[in-house]
Protein chains: 2
Amino acid sequence: MKQARHPEPEEMTLIGVMGALGDPIRVGLLRVLSDGRERGWGELRAPVAKSTLSHHLRVLRDAGITRTRQEGTRCYVELRRSELDARFPGLLDAVLNAAAAEDVGDQVGLTA
Amino acid sequence: MKQARHPEPEEMTLIGVMGALGDPIRVGLLRVLSDGRERGWGELRAPVAKSTLSHHLRVLRDAGITRTRQEGTRCYVELRRSELDARFPGLLDAVLNAAAAEDVGDQVGLTA
DNA sequence: CCTAATGTTCGATGTTCGTAGAACATCGAA
DNA sequence: TTCGATGTTCTACGAACATCGAACATTAGG
């Protein structure tokens, strides 16, 4: 596990973010993280293989949507809310509200 | 040219809209239409073949973002602003603002 | 050390997407 | 009716994507 790279706010692109949030699993992950709490990888529940989950988390990270931190062999994920809000004002809230209304990504959740 | 189908507001999905707006050409078209004016197909300028432009307009239409009207052999495109705003509050404005700030889709424009 | 736990990466597969050109359908005008 | 303009649809193709299982790397614990 090499240290993951996180884009600076200036490196984030609208197309990148829109593309990243064009998948139900990733929107589900976004919703899970939307309370601002950092979550452990193992807490995340999604109906995909772990390699696929790893892929989705990478897409989110590469788009600048999340930040990943390592601690020992564990990983912790967190929404980059303030940076996103500064870079794309209103976008995150609009997506989260719409996602909640439609219940997009409801298959994604936390460990019971 | 058969009559194109337009989704009802309830049929629009967040994922559909996010996916449709994950392409620079389509965001460019959105920006061109963002003043609310109806535009003729021929007015639109984009660095792609006409079949490709037709495809992109179809994607936008299928997602519920635009409305296409036919008049004789001409087509007119229009942004479904109020319906989108009602269905996805704040989303369109957030995307348009971010797109303007980044100048996404600047290759798309109107006939000089 | 050896082992278990935790993610990442790799290889493979099937799907979707963006793109273009060619053929087609429709309509207005000559 | 014939022709030209205007979009749409068909077909094709390479790139990108979502997905999985297997192999791998790293670290904690015994």
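Of the 112 residues of chain A, 34% count as buried. This value, like the others below, comes from a predicted model. Chain A contains five helices and five strands, and chain A is in contact with chain B through 20 of its own residues and 21 of the partner chain. A surface of 27 residues lies around DNA strand D.

**Fold of chain A**

- From the N terminus on, the elements of chain A follow the order α-α-β-β-α-β-β-α-α-β.
- The C-alpha trace of chain A spans about 35 × 30 × 20 Å along its principal axes.
- A compact globule of 112 residues would have a radius of gyration near 13 Å, and the 13 Å of chain A therefore agrees with that expectation.
- Among the contacts in chain A with a separation of 6 or more, 70% join residues 24 or more positions apart.

**Strand pairing in chain B**

- Strand E3 (residues 66-71) of chain B pairs with E4(B) in the antiparallel sense, over six bridges.
- Within this pair, Thr68(B) stands opposite Val77(B), a residue of E4(B).
- The hairpin of E3(B) and E4(B) has two residues between the strands, and Gly72(B) takes a positive phi near 65 degrees there.
- E4(B), which covers residues 74-79, also pairs with strand E1 (residues 39-40) of chain B, in the antiparallel sense and over two bridges.
- Gly40(B) has Tyr76(B) in E4(B) as its bridge partner.
- In a regular strand, side chains alternate between the two faces of the sheet.

**Contact between chains A and B**

- The contact joins 20 residues of chain A to 21 residues of chain B.
- On the side of chain A that touches chain B, helix H1 (14-20) and helix H5 (91-102) of chain A each supply at least two residues.
- H5(A) gives the most to this side, with eight residues.
- The residues of this side of chain A divide into 13 nonpolar, five polar and two charged.
- A turn of 180 degrees, with a shift of 0.0 Å along the axis, lays chain A on chain B with an RMSD of 0.0 Å.
- That is the relation of a two-fold axis.
- The copies meet through the same surface, because 100% of the interface residues of chain A are also interface residues in chain B.

**Surface near DNA strand D**

- Of the 27 residues around DNA strand D, those that come nearest are Val48(A), Ser51(A), Gly72(A), Trp41(B) and Ser51(B).
- The elements giving two or more residues to this surface are helix H3 (50-63) of chain A, and helix H3 (50-63) and E4 of chain B.
- The surface near DNA strand D comprises nine nonpolar, 13 polar and five charged residues.

Methods. Residues are numbered from 1 along each chain as its sequence is written. Chains are lettered from A and ligands numbered from 1 in the order in which they are written. This is a predicted model: local features need pLDDT of at least 70, side-chain atom pairs count only at pLDDT 80 or more; totals for chains, interfaces and linings use all residues. Two strands pair if DSSP finds at least two bridges between them. Helices (H or I, at least four residues) and strands (E, at least two) are DSSP runs, numbered from the N terminus. A residue is near a molecule or strand if its C-beta atom, placed from the backbone, lies within 6 Å of it. Ala, Val, Leu, Ile, Met, Phe, Trp, Tyr, Cys and Pro count as nonpolar, Asp, Glu, Lys and Arg as charged, and the others, Gly among them, as polar. Two residues are in contact if their C-beta atoms, placed from the backbone, lie within 7 Å. Copies are superposed by least squares on the C-alpha atoms of residues with pLDDT of at least 70 in both. The radius of gyration is taken over C-alpha atoms; the globule rule is 2.2 Å times the number of residues to the power 0.38. A residue is buried if 20 or more other C-beta atoms lie within 10 Å of its own, exposed if 12 or fewer, and partly exposed in between; C-beta atoms are placed from the backbone.
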